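Please explain this structure to a reader who works at the bench. The account should begin at one residue, move through its surroundings, and end with the chain as a whole.

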Amino acid sequence: MSAPGENLRINGVRLWDSLMEMAKIGPGIAGGNNRQTLTDEDSEGRHLFKRWCDEAGLTMGVDQMGSMFMTRPGTDPDALPVYVGSHLDTQPTGGKYDGVLGVLAALEIVRSMNDLGIKTKHPIVVTNWANEEGARFAPAMMASGVFAGVHSQEYAYGRTDQEGLSYGDELVRIGWRGDEEVGARKMHAYLEYHIEQGPILEAENKKIGVVTHGQGLWWLEFTLTGKEAHTGSTPMAMRVNAGLAMARILEMVQAVAMDHQPGAVGGVGQMKFSPNSRNVLPGTVVFTVDIRSPDLDKLTNMREQIETQAAQIADALGVGCSVEAVGHFDPVEFDSTLVSRVRSAAEKLGYSHMDIISGAGHDACWANKVAPSTMVMCPCVGGLSHNEAEDISQEWATAGADVLFHAVVETAEIVE
C-alpha cells in the first residue's frame, strides 16, 4: 500500500462553492439554514446532492431509513468499502456547515480523485445519514443508530414531531424511503469530517482537531404535572406550580454539572408550557435535560442524581414528575489506527493540530459500533454552532478536507 504524496490536495474553491450552493436550499431567517429532516427542503437538498454525485460517476443506494450511500467502485470487487460522510439535515435555526461540510467534503474527495485519476483497492461510499440532528424527530443520529442496531426500525418509524407526524409517514411523503435493509452494508472503515461546534481549536489556534474520543450523552425528557390556575387570583400557598418545579430542576441540573467538573456538561435547551398562556399557571411542563461527559462513571452518576433530586423537588411542590430517556450513547473511543492516520496527515501537510474530544454526538459514534471509525474537525468562529451565525473560513474548510482526503485514500489503499 502506498501513502499519498504531500501535494495531494482537494479543490478548496469547488468545495466552498458547493457549500454555498447547498445553503441556498432551506434558507433561514438570519443567514443560516432551516432544512429539517424529511421536510420538502430536505428532499430538495438530497436531489441536489444526488445530481452532483451522478456527475461524479457515483452509484446511489438508499436504505429504508432514508440514508443515502453514493459509491465509487474500487479495483477489488471483494474489498469492503470505506465510508465517508455526515448529514445534510439542519436544526430549525442551523448554520451552513454543521454536517453539510462532512458530506460535501466527502464528495469533493471523490471529485479530486477523479481529476487526478486516482484508483483505490476499496470502494469509497459518500454518505448522507438521515436525521442526524434529531430536532424534528428525537433522538439524534437516528438513522445511523438503526444501522448500528441501537434502535429498531419500528421504533424510528414511530417517532413523531410536534405536529404528531411520524418519521415513517414523512419519509414516504417526500419520496426518500429506499429499499435497502438498514445495516446490511458492511464497512471497512468510516471517517467523518465536522466543524468542532466548540471554541477549543480556535482558542488554541489549531486548524485540525484529531478526534480521539466522543462524549457520552443522556437526553432526559421530564414531564411535570401541576394544576392550571389563574396567576392573579390563586394564592401562592395554594398553587401546584409545575413551572416553579421546572425552574428549581434547572438550577439543580446546573449544580450537578458543576459538581462533576472537569469534563461534564448539563443544561436544558427545549421546554414546552401548556397551556402557555400569560395568566395561567401551567398544568403541564415538558423539557429535556441534556447531560454529557467522556467519563462513563460521571455520566451515570449525573443521571442518577438529576432523576432523584428532580423527583424530590417535584414532590415538595405537589407536582407530578415522570422522566423518559429519549436519547443516549456511551462515551466513544475511536479507532487508534485511523486516529494515527489523521494525525500523520495533518503533520505531513503542515497543518497545526491537536487531539480533541468531540463534545457533540455524531453519526461516527454509532458507526464506531460496526466498523473502525474516526473524525476530523476544523474550527468554527467563536465555537458557535446550532445557530444561524455559525461560521468557518474557506481556509479551515480546505485544510480539514485535505487531511480527510489523505486519511481516506490511505485507508482505501491507492492502486498504482
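**From one histidine to the whole chain**

Histidine 87 is located in the loop between β3 (82-86) and α3 (100-116); helices (H or I, at least four residues) and strands (E, at least two) are DSSP runs, numbered from the N terminus. The model is a predicted one, in which local features need pLDDT of at least 70 and side-chain atom pairs count only at pLDDT 80 or more, while totals for chains, interfaces and linings use all residues. Residues are numbered from 1 along each chain as its sequence is written, and side-chain values use heavy atoms, with hydrogens and water left out.

With a relative accessibility of 0%, histidine 87 counts as buried; the term buried means under 20% relative accessible area, exposed means over 50%, and partly exposed lies in between (1.4 Å probe, protein chains only). Not counting residues up to four places away in sequence, histidine 87 touches Asp98, Gly99, Val100, Val103, Asn128, Trp129, Glu132, Glu133, His194 and Asp363, where contact means heavy atoms within 4.5 Å.

Two of these partners, Asp98 and His194, appear together with His87 under the feature "binding site" in an unreviewed UniProt entry. UniProt positions are given in the numbering used here, feature names are shortened, and annotations may be inferred rather than shown by experiment. His87, Asp98 and His194 are listed together; although spread over 108 residues of sequence, they cluster in space, with a largest C-alpha distance of 9.8 Å.

The unreviewed UniProt entry also lists Asp98, Glu133 and His386 for "binding site". These residues span 289 residues in sequence, yet no two of their C-alpha atoms are more than 9.7 Å apart, so they gather at one spot. Asp98 thus belongs to this listing and to the one with His87 and His194.

Glutamate 133 is found in the loop between β5 (124-128) and α4 (142-147). Its relative accessible area is 6%, and the residue is therefore buried. When neighbours within four places in sequence are left aside, glutamate 133 is in contact with His87, Asp89, Thr90, Gln91, Asp98, Ala140, Trp219 and His386.

Histidine 386, one of those contacts, lies in the loop between β16 (373-378) and α12 (394-412). At 40% relative accessibility, histidine 386 counts as partly exposed. The backbone of histidine 386 has a positive phi of about 55 degrees, although the residue is not a glycine. Most residues other than glycine have a negative phi, and most peptide bonds are trans.

Asparagine 205 likewise has a positive phi of about 55 degrees and is not a glycine. Its place is in the loop between α7 (200-203) and β7 (208-214). Asparagine 205 is exposed, because its relative accessible area is 64%.

The peptide bonds also merit attention. A cis peptide bond joins glutamine 261 and proline 262, with omega at about -5 degrees; proline 262 lies in the loop between α8 (242-259) and β10 (265-274). A cis peptide bond also joins serine 274 and proline 275, where omega is about 15 degrees. Serine 274 lies in strand β10, whereas proline 275 is in the loop between β10 and β11 (280-281).

Is serine 274 buried, exposed or partly exposed? Its relative accessible area is 33%, so serine 274 is partly exposed. Leaving aside neighbours within four places in sequence, serine 274 is in contact with Glu228, Pro282, Gly283 and Thr284. The C-alpha atoms of serine 274 and glycine 243, which are 31 residues apart along the chain, are separated by 9.9 Å.

The view can now widen to the chain as a whole. The chain contains 12 helices and 17 strands. Its radius of gyration, taken over C-alpha atoms, is 22 Å, close to the 22 Å that the globule rule gives for 416 residues, so the chain is as compact as a globular protein of that length. The globule rule is 2.2 Å times the number of residues to the power 0.38. Along its principal axes, the C-alpha trace spans about 80 × 45 × 40 Å.

Buried residues make up 56% of the 416 residues. Of the contacts in the chain with a separation of 6 or more, 80% are between residues 24 or more positions apart.
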